[in-house]
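User: Please explain the terms applied to this structure, setting each value against its definition.

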Amino acid sequence: VTGYGFDSTWDLNFHNYVTPQLADAADASRDMTAIAYAVTNNTLFNFSAGLNRVVFLESHDVVGDLNNGVRLPTAIDTNTPDSYRARKLSTLGAALTFTSPGVPMFFEGQEMLENQQFSSSRPVDWTKTNTYSRIVLLYHDLIHLRRNLDGDVPGLKGDQCSVFQMDNFNKLVAYRRWQSGATATNQDAIVVANFAGTTRSNYTLSFPRAGNWYVHFNSDSTNYGTDYGNVGTAQVTATGTPATVGITIGPYSALVLSQLPWPPQITLSQAGGGVTVSWPIAYAGWVLDSSRTLAGTPSPWVQVPTSQYQTNATTFFINST
């Protein structure tokens, strides 16, 4: 449909590149060049990926009964589509979809690990939102991340992408996302994806710049599976020229990092009898309330008990969550 004035079109081949790599029974057979190509290119029209494409792994055509389609978890593990391996690899595919350039789309049921073939005669089984509530949470967090609602991964909303590591031996891909023309140096997002069933410990990567990098998403978190390993640190530091860092990542997992911390680091300064509170970037989840009173229902302020006050004569502390 290019040439007809549309801003974006479905990238119908994305799943043809990615799904076979996720569904392959042997880790050694996974092709990272296919993954890298799918991330950085509009595979349907063979030009650079951007907001000109809608990127997805499942659709009514891909998983529907009219085309003998198969759901991704079933393609990964036909006999046990809710196994550890099926959950980990299918959500790795979700992480790839939400962090690749393009408009991400997921099909009804993906967010609750649906394994049944789509059919107009089969209603959605909403009980699976409870059965697989941790998978639902993972999709929720990926949406939150992709929309940059906390303001800590602006690069994921950018139009640029570059793969800087494609390791076909260790089955790992890493790429950088950013917005062309961005003036701030800390706007990049880094995505590291491990397509192997083994943990990579202290794996060396070259990052765009030195400094602290914060992990904002880890698909190996126990929030997403009671049998997951929660492997990976919350923060790494890149040093040297070029800047390198040792990353630890769990099996069949994805990490998303940026140089913007969350929660944001607040700076307070005092001058002329006034106190200035500042933070590095505007966060969508924050509301600034300048009221001096405890007005409102519910109250915008909560009085801190005096028992939580501390002072050393020059600094005043309040212990509060």
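The exchange below takes up secondary structure, burial, contacts, charges and cores.

Analyst: This is a predicted model, in which local features need pLDDT of at least 70, side-chain atom pairs count only at pLDDT 80 or more, and totals for chains, interfaces and linings use all residues. Residues are numbered from 1 along each chain as its sequence is written, and side-chain values use heavy atoms, with hydrogens and water left out.

User: What makes a run of residues count as a helix or a strand, and how many are there in the protein?

Analyst: A helix is a DSSP run of H or I with at least four residues, and a strand is a run of E with at least two. The protein has seven helices and 17 strands.

User: What share of the residues is called buried, and why?

Analyst: Buried means under 20% relative accessible area (1.4 Å probe, protein chains only). Of the 321 residues, 43% are therefore called buried.

User: Why is Leu22 said to touch Phe195?

Analyst: Contact means heavy atoms within 4.5 Å. Leu22 touches Phe195 because the pair meets that definition; Arg30, Leu57 and Gly93 are also among the residues that Leu22 touches.

User: What makes a set of residues a nonpolar core?

Analyst: Its members are buried Ala, Val, Leu, Ile, Met, Phe, Trp, Tyr and Cys residues joined through side-chain atoms within 4.5 Å. The largest such core has 40 residues, and Val18, Leu22, Ile35, Leu96, Phe195 and Phe217 touch the most other members. Helix α5 gives the most to this core, with seven residues. Another core, of 17 residues, lies apart from it and includes Ala174 and Tyr203.

Definitions and conventions: Buried means under 20% relative accessible area, exposed over 50%, partly exposed in between (1.4 Å probe, protein chains only). Lists of a residue's contacts leave out its neighbours within four places in sequence.
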